[in-house]
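Here's a short set of exercises to work through with the coordinates loaded in your favourite viewer. Try each task before you read its solution.

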Amino acid sequence: MRKEDKSPADKQKIWKKFISRMADSSGDVCILPSFLFRSLISRVPNKQQSWEDLLIVVSRAKEFPLEDPSFVFDTNFQYVPDKQNAWNSLYKLTRDKKASVRIIAAYSLGNLFSLAPDKEKAWKNLHKLANSEDVYARIGGAKSIGSAFRDISNKQEAWNDLHKLTNDQEAVVRANAINSLDPVFPYISDKQEAWRNIHKFLNESDFRVKYCAVNFLNSDAVVPTFISVPDNQQIWEDLVKIAVKEEGFIKFNASRALTGLYPYLPDKKQGWKDLHELTNSKNYLVRREVVYSLKVAFEHLEDKTQIWEDLHRLANDEDKFVRSTAADFLKTIAGY
C-alpha cells in the first residue's frame, strides 16, 4: 500500500529543519544536487516563508548547499505571492558584504527577469550592476544581461552595457561578458561590432578570455554570420594558432570551431592546408575534431585526393575514436 503524503505541517517542519542546518555557518555543509533541492522546495507549503528563509541562508551560510548556486532562487520565485518585494530583496543581496552572495543574487536576477513584474525597474537594476564599481557586481551584471536579453525592451542600451563589459579592465569580467554574447548575438542588429572584438579576444594574454572567445565561435547562432566578417580569414588563422600552440581543452574547442566555420571561409584551399597540418597533431582530441573538418572540406574542394589520403591515414590512427570515425567517413564518401 502506498504511504500517504506528509501533511503540510510536516513538510514545513522538514523544511525548517533543513534551513536551520544550512543557515548555521559553523556546521558542516552537505552539498546537494540542484534537482533534489528543487524537489524539496517545491513541496514547501508556505512559499513566501521559504523565500525569506532562502534569503537568510544565502546571507548566513558558510557555504551554500547546492552544486549550482545560480539556481538557488529560481524554483521558489515563481510561487512567491509578492514578486516585486521578492525581486527587491534579491537585488538588495547584490550589495551583500560577501562576494559569493553578490554573484549568486546577480545571476539569479538574470534567470528570473522574465518573471519580474516591473521589467523597466528590473532592467535599471541590471544596468546598475553592469556599471557598478564592484567587480563582482559587474561579473553578475554581465551574466544577467545575457540571460535576460530576450526580455529586455531597451536592447540597444543592454547591448551597450554588455559591449562595454567585454572591454572591462578586469579579465574575469571580460570573460563573463563574452560568455553572455551567445544568447545576445541573434538580437544584435549590428553584428559587425561584435565580430570586430573577436580577433582581439582570441589573442588575449588572459586564458579565460581566450577560452570564452573560442567557445563563442562554436555557437550555432554565430557560425552562419561568419561569412559577413570583413576579415574572417584572420579569425580562422587565430583558431588554427590556438589549436597548434595552446594546451588543454582549448585546443579541442578551437579545432571544433574550425569544422563549423570552414564552409564560410573564402579561401577554402588554404583552409584545407591548415586542416591537413592539424591531422598530424600529437593531441588526439584535435585529431578527433579534424576528422569531422575533413569531411566538411571534402564536400567543398574540387581536388579531393589529399583529403582522401588523410582520411585513410587517420583510419589507422592510434586513437580508436579517430580510426572508427575516419573509417565511417570513408565508407560514406566512397561513392564520390
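## Exercises on a predicted model

**Exercise 1. Find the residue that caps the N-terminal end of α7, and say which atoms are involved.**

Solution. Keep in mind throughout that this is a predicted model.
- Step 1: the cap on the N-terminal end of α7 is Asp 118.
- Step 2: check the atoms. A side-chain oxygen of Asp 118 sits 3.3 Å from the backbone nitrogen of Glu 120.
- Step 3: that pair falls within the 3.5 Å cut-off used for a polar contact.

**Exercise 2. Compare the span of helix α7 with the span expected at 1.5 Å a residue.**

Solution.
- Step 1: α7 runs over residues 119-130, which makes 12 residues.
- Step 2: going from its first C-alpha to its last, α7 reaches 16 Å, close to the expected 16 Å.

**Exercise 3. Work out which residues of α7 are buried, and what covers them.**

Solution.
- Step 1: use under 20% relative accessible area as the test for buried. In α7, that picks out Ala 122, Trp 123, Asn 125, Leu 126, Leu 129 and Ala 130.
- Step 2: these buried residues span an arc of only 155° around the axis, so they end up on the same side of α7.
- Step 3: turn to the other side of α7, and you'll see Lys 124 and Lys 128 exposed.
- Step 4: the cover over the buried residues of α7 includes α5 (83-92), α6 (99-112), α8 (135-148) and α9 (155-165).

**Exercise 4. Look at the salt bridge between Arg 288 and Asp 319, and decide which parts of the chain it ties together.**

Solution.
- Step 1: side chains of opposite charge can pair when their charged atoms come close.
- Step 2: for Arg 288 and Asp 319, the closest N and O atoms are 3.0 Å apart.
- Step 3: place the partners. Arg 288 belongs to helix α17 (residues 284-298), while Asp 319 is in the loop between α18 (305-314) and α19 (320-333), so the bridge ties together parts 31 residues apart in sequence.
- Step 4: add the accessibility. Arg 288 comes out partly exposed at 24%, whereas Asp 319 is buried at 11%.

**Exercise 5. Two further salt bridges are Arg 208 with Asp 206 and Glu 299 with Lys 295. Which partner in each is buried, and which is partly exposed?**

Solution.
- Step 1: the Arg 208 and Asp 206 side chains meet at 3.0 Å, N to O. Arg 208 is partly exposed, with 43% relative accessibility, and Asp 206 is buried, with 17%.
- Step 2: Glu 299 and Lys 295 also meet at 3.0 Å, N to O. Here Glu 299 is partly exposed at 44%, and Lys 295 is buried at 17%.
- Step 3: for the wider picture, a search of the whole structure turns up 11 salt bridges. Arg 287, Asp 317 and Glu 318 are linked in a network of them.

**Exercise 6. Describe the surroundings of His 276 and the position of Asp 82.**

Solution.
- Step 1: His 276 is part of helix α16 (residues 268-278), and is buried with a relative accessible area of 19%.
- Step 2: skip its neighbours within four places in sequence, and His 276 touches Gln 306, Asp 310 and Arg 313.
- Step 3: Asp 82 lies in the loop between α4 (74-77) and α5, and is partly exposed at 38%.
- Step 4: C-alpha to C-alpha, Asp 82 is 7.8 Å from Gln 48 in space, with their positions 34 residues apart in sequence.

Terms used. Residues numbered from 1 in each chain as written. Predicted model: local features only at pLDDT ≥ 70, side-chain atom pairs only at ≥ 80, totals over all residues. Heavy atoms only, no water. Helix = DSSP H or I, 4+ residues; strand = E, 2+ residues; numbered from the N terminus. Expected span 1.5 Å × (residues − 1). Buried < 20%, exposed > 50% of the residue type's maximum accessible area, 1.4 Å probe, protein only. Arc of directions from axis to C-beta. Contact = heavy atoms within 4.5 Å. Polar contact = N/O pair within 3.5 Å; in protein donor to acceptor, adjacent residues only side chain to side chain. Salt bridge = Lys/Arg side-chain N within 4 Å of Asp/Glu carboxyl O.
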